[in-house]
Amino acid sequence: MAERKTAALPPGARLLHIGQPKTATTTLQAAAASRREELLAHGVIYPGTGLNHGIETSALMERQSPAWSRVPDRSRWDALRAEVEAAPAHRAFVSYELIVQADDAAARRFADELGENTYVVITVRAFAPMLPSVWQQYVKSGRAISLRGWLGREFLGDGVRHAAREGAGFWAEHDLAAQVRRWSGVVGPDRVIVVIADKHDPARVTDAFEDLLDLPRGLLRLPQPTGAAVNRSLSPLETRLVLDINRLLPSRVLPRSSYYALIRDGVVATIQQRRSPGPDEGEAGVGRRVAEHVARAAATFVAALRDSGVRVVGDDASLLESAPWPREPGSNGALELDIAVCALRGAASAALGRGVDFESGGGSEPRPVPPPARIRLPRARDTLHVELSGRRPGDRIRPIAAPGDADAIAGEADVLGARRGSRWIRIDAAALLDSDVRSELFAALRVPRVLVTVDDRPERALWEQALARGEWRSFSEWAGAERPDVAAFLEEIAPFAASLDVVDDVALERAAARHPARLAVTTQPAGALSEHDIELIRAFNASTADIPLTAAERVAVVGRGALRGMRSEPVAAPGAFDSAARAVFGIALGFAGHDVPGE
């Protein structure tokens with residue numbers, strides 16, 4: 001029989017929340033994780049220190065998640081159990097939405113480990129409307145499958161038979177009848193509670209858990225979720241961008257754990273946190289055949305639930321709600337640019353270790369700049385290549401083997417190779433406009449031979465390099481204000497060099513081939529930035545102008561990341577999303593320690 005309010009569990013009870021996914025689990029867990037001390041004061045222990053108990057419960061289930069490379073060590077579960085047992089009079093709250101994947105043996109282990117005072121709570125919501133949201137979880141995990149393709153695989157044709165045979169797919173996590181039957185057989189139907197989420201009553205789930213744990217109303221609600229707690233569904237337009245990113249990022253390039261850190265917990269989390277989608281962004285839905293298939297299954301689940309004898313909180317008839325019809329998003333360049341900027345903010349913040357959308361505080365402390373100093377010229381000499389060409393011929397030069405000293409000098413100059421005491425170093429000309437960078441760099445070099453590559457639009461090349469350092473003005477605005485003088489720039493750096501030569505691309509390649517460092521020249525030239533690329537970088541720089549990022553940090557994520565990705569990957573479909581996908585691709589390769597193709 002359905003209840004709106006349920007009685008509290010007895011003191012000392014162990015509440016095991018097993019899912020299902022996409023039933024407000026993240027919001028509930030975030031509230032519990034952020035209020036551990038308050039829960040303890042009310043006689044409830046939420047063990048551990050993380051958001052949920054995924055690693056600990058996976059260790060007991062002997063489950064390997066894509067988020068980690070192997071089954072977690074059993075000691076992780078043992079530590080959780082010990083923390084629970086240390087407070088026998090407290091109610092314990094253990095939560096992870098993928099415990100629903102447990103088989104009969106794993107379910108029995110949970111009951112044996114937690115003891116006879118175990119209560120199992122299953123949260124569930126209407127199945128058909130949930131399908132687009134469940135599909136999005138696959139997209140957020142790195143899959144590049146469309147909604148139509150996923151629905152066909154899960155519910156139509158051979159995919160259904162394969163899923164049933166392998167215990168995989170949607171029903172592995174959402175077969176309510178099987179879950180109720182399994183856990184009732186382990187702990188008894190009187191200790192299984194099904195809480196039904198209701199879109200018309202958003203507090204239904206949190207209210208039920210507060211009642212079960214005898215907590216004051218509102219303790220498990222977050223006033224304004226942030227970071228990982230913001231787990232709203234993406235709009236169709238937002239999802240389209242994540243799919244574009246996934247298609248550029250095969251798993252061999254970005255391992256799953258790195259994908260989660262950079263894309264799911266960076267790009268996606270920032271989009272979710274910064275934006276509130278409007279009606280123009282469309283609505284994901286399902287077709288008639290899939291809707292009919294799911295409706296039949298939902299009716300079977302409701303009948304099984306009513307016959308099971310378990311406790312039900314909420315209206316089980318709401319599980320029969322029909323699926324929405326799909327509504328395609330309109331074409332809106334401003335909306336796409338807004339989403340693309342959020343994605344780039346998320347990737348940059350995650351790559352720099354600054355949390356979701358730079359929420360973890362300020363950047364690194366500035367390094368002390370040593371005074372300029374001449375050092376005695378050894379037999380070998382450094383070669384410094386200064387890039388002042390929009391063609392970026394220096395991007396085609398790369399080491400055959402890893403250089404002995406791969407660290408950037410002054411946070412800006414790349415050491416591409418070092419052999420027999422001689423190094424090949426590359427830096428953008430725009431970096432040397434900064435007197436501190438210039439002083440630090442030349443103090444660290446051995447009176448180098450300087451090679452400068454220049455094209456017929458050096459001012460434009462300087463501006464594009466300035467974009468990597470935070471510039472947001474248009475070229476004409478920047479040139480009118482800065483009035484760049486290439487000749488004066490060369491005169492400024494000449495005194496620091498043993499020699500300074502302006503060379504063409506062929507001469508640069510010849511010098512690299514003769515250099516003692518093992519260098520190679522690739523045949524693929526750097527691509528030009530498109531107008532959409534430049535528009536996105538300018539918008540990103542304007543958006544992050546008030547965030548304390550050092551020039552070296554900006555160069556790392558924009559210059560060595562986003563801009564290189566944009567130049568290395570061909571344009572597939574001109575627009576902000578294509579630019580953002582290529583930019584995130586470049587950041588991801590740097591994050592995972594790969595060279596950008598063609599460099």
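Partly exposed describes a residue whose relative accessible area lies between the buried limit, under 20%, and the exposed limit, over 50%. The views below come from a predicted model, in which 44 salt bridges are found.

**View A. The D434–R469 salt bridge links two loops.** The side chains of D434 and R469 meet in a salt bridge, with a distance of 3.6 Å from N to O. D434 belongs to the loop between α16 (429-432) and α17 (435-444), whereas R469 belongs to the loop between α18 (458-467) and α19 (475-482), so the pair ties together parts that are 35 residues apart in sequence. D434 has a relative accessibility of 26%, and therefore counts as partly exposed.

**View B. A network of salt bridges runs through shared partners.** R392, D395, D414, R426, D428, R560 and R564 are joined into one network, in which the salt bridges share partners.

**View C. D78 and R74 form a salt bridge within helix α4.** The two side chains, D78 and R74, meet at 3.2 Å, N to O. Both residues lie in helix α4 (residues 74-85), where they are four residues apart, about one turn of the helix. D78 is partly exposed at a relative accessible area of 30%, and R74 is likewise partly exposed, with a value of 36%.

**View D. R232 pairs with the buried residue E238.** The side chains of R232 and E238 meet in a salt bridge of 2.9 Å, taken from N to O. E238 has a relative accessibility of 0%, and therefore counts as buried.

Conventions
Residues are numbered from 1 along each chain as its sequence is written. This is a predicted model: local features need pLDDT of at least 70, side-chain atom pairs count only at pLDDT 80 or more; totals for chains, interfaces and linings use all residues. Side-chain values use heavy atoms; hydrogens and water are left out. A salt bridge is a side-chain nitrogen of Lys or Arg within 4 Å of a carboxyl oxygen of Asp or Glu. Buried means under 20% relative accessible area, exposed over 50%, partly exposed in between (1.4 Å probe, protein chains only).
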